[in-house]
Amino acid sequence: MRGAEEGLLLLCCRLGQSVKPLTATEYRQMEAIVAVRAPADAGGIPGSVTPEFLASLGYNEEMSGRILALLNRSRVLRDYLAAQKDIHVLTRLDEERFPRRLRKLGGDCPAALFCKGDPSLLNTRCIAAVGSRVLFQRGDRFAREVGRLAANEGFTLVSGNAVGADTAAQEACLRAGGKVICFVPDELTRYAPRENVLYCSANGYDLPFSPARALSRNLLIHALGEKAFVVQCPGRSGGTWAGASENLKRGLSDVYALNDGSVGINALCAMGAFPVEDRLPSIADLPACRLSIFD
């Protein structure tokens with residue numbers, strides 16, 4: 001791992017400690033300042049940082065102390081990474097392995113992904129499946145259809161491993177011989193390795209569940225899939241609505257919604273989602289809603 005990547009992990013990840021890492025905005029501001037005032041280090045925050053260097057960037061004593069304390073954890077980082085032999089980390093500074101589709105999130109792109117499983121799945125062609133935790137029969141059938149088609153057409157299915165739409169689509173995909181990426185909102189250590197499944201957690205493998213982590217993981221699901229399928233979204237509230245509506249506002253991927261006539265689905269279609277019926281002849285042949293430089 002390069003020095004700049006270590007610096008990114010030290011500054012932006014808790015590493016099992018009760019510390020306050022830099023937020024994504026604070027880190028990006030620091031990158032921008034370094035690029036302007038210390039262009040020789042513009043490839044990332046340098047591995048060796050002194051109070052004088054931070055003062056030259058315009059940081060006050062309090063912020064400089066916080067940054068130096070975070071960076072002075074090299075041994076903590078080594079121990080943290082070594083403690084879980086089956087978990088690998090990819091930082092967004094890794095141009096080859098970090099999924100390029102997530103970079104479109106800008107300031108919401110995680111500093112690092114902690115992965116259990118085959119991380120090469122992150123750079124395969126993916127489609128996303130999202131929806132309610134409690135499914136009606138029609139939604140359950142559609143979720144399983146999406147999962148089956150993903151496997152049959154060579155797409156990796158991306159979802160959130162929640163009960164309902166997520167697990168229905170995931171299990172159908174796996175039964176059909178496909179592969180699945182799960183972005184989890186809680187401790188990665190809770191999940192046992194599983195064949196053809198990659199579990200991912202942003203910025204740490206031991207971070208507990210929180211509503212904020214659940215919402216941010218929804219963005220990762222939508223951004224990684226080149227197509228996103230909304231299985232069921234009864235109203236204009238909840239995680240499914242938040243993720244799908246934010247996707248449509250940002251143009252992260254094409255959104256296809258099961259046309260069940262519900263308030264939430266109708267509202268998503270009014271925002272630009274493409275309504276589809278229960279039986280999909282093909283995922284690959286669906287009409288594109290927009291073109292993206294990431295496709």
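Which residue of strand 9 stands opposite tyrosine 256? In this predicted model, where local features need pLDDT of at least 70, side-chain atom pairs count only at pLDDT 80 or more and totals for chains, interfaces and linings use all residues, the partner is phenylalanine 274. Residues are numbered from 1 along each chain as its sequence is written, and side-chain values use heavy atoms, with hydrogens and water left out.

Strand 8, at residues 254-258, is a convenient place to begin. Helices (H or I, at least four residues) and strands (E, at least two) are DSSP runs, numbered from the N terminus. Strand 8 is mostly covered, with 5 of its 5 residues buried; buried means under 20% relative accessible area, exposed over 50%, and partly exposed in between (1.4 Å probe, protein chains only). In a regular strand the side chains alternate between the two faces of the sheet. Here Asp254, Tyr256 and Leu258 point one way, Val255 and Ala257 point the other way, and all are buried. Strand 8 pairs in the parallel sense with strand 7 (residues 227-230) over 4 bridges, where two strands are taken to pair if DSSP finds at least two bridges between them. Within that pairing, valine 230 stands opposite alanine 257. From strand 7 the chain passes through helix 9 (residues 238-250) to strand 8 in a right-handed β-α-β crossover. Such a crossover is right-handed if, with the strands pointing away from the viewer, the path from the first strand over the helix to the second runs clockwise. Strand 8 also pairs in the parallel sense with strand 9 (residues 274-276), over 3 bridges. Together with helix 10 (residues 263-271), strands 8 and 9 make a right-handed β-α-β unit.

Strand 6 (residues 197-202) offers a second viewpoint. This strand is largely enclosed by the rest of the structure, because 6 of its 6 residues are buried. Val197, Tyr199 and Ser201 point one way from strand 6, while Leu198, Cys200 and Ala202 point the other way. Strand 2 (residues 112-116) runs antiparallel to strand 6 and is joined to it by 4 bridges, with leucine 113 opposite alanine 202. Strand 5 pairs with strand 6 in the parallel sense, again over 4 bridges. Two of the facing pairs are isoleucine 181 with leucine 198 and cysteine 182 with tyrosine 199.

Strand 5 itself (residues 180-183) is covered on both faces, with Val180 and Cys182 buried on one side and Ile181 and Phe183 buried on the other. Strand 4 (residues 156-159) runs parallel to strand 5, and 3 bridges join them. Across this pairing, serine 159 stands opposite cysteine 182. The connection from strand 4 to strand 5 goes through helix 7 (residues 165-175), and this β-α-β crossover is right-handed.

The nonpolar packing can be described next. A nonpolar core is a set of buried Ala, Val, Leu, Ile, Met, Phe, Trp, Tyr and Cys residues joined through side-chain atoms within 4.5 Å. The largest such core has 60 residues, of which Leu11, Ile67, Phe114, Leu157 and Phe229 touch the most other members. Apart from it lies another core, of 36 residues, among them Leu122, Ala128, Cys200 and Ala202.

Turning to open space, the largest pocket has a volume of about 740 Å³. On a 1 Å grid over the protein atoms alone, a pocket is an open set of points where a 1.4 Å probe fits, with protein on both sides within 12 Å along at least five of seven lines, and lining residues have an atom within 4 Å of a point. The volume is the space filled by probe spheres set on the points, which are joined across faces, edges and corners. Of the 29 lining residues, Ala24, Ala202, Asn203, Arg213 and Ser216 are the closest to the centre of the pocket. Helix 2 (24-37), strand 6 and helix 8 (211-224) are the elements that give two or more residues to the lining, and helix 8 gives the most, with 6 residues.

Two loop residues other than glycine have positive phi values: leucine 15, near 60°, and asparagine 203, near 70°. Leucine 15 lies between helix 1 (3-12) and helix 2 and is buried, with a relative accessible area of 5%. Asparagine 203 lies between strand 6 and helix 8 and counts as partly exposed at 22% relative accessibility.
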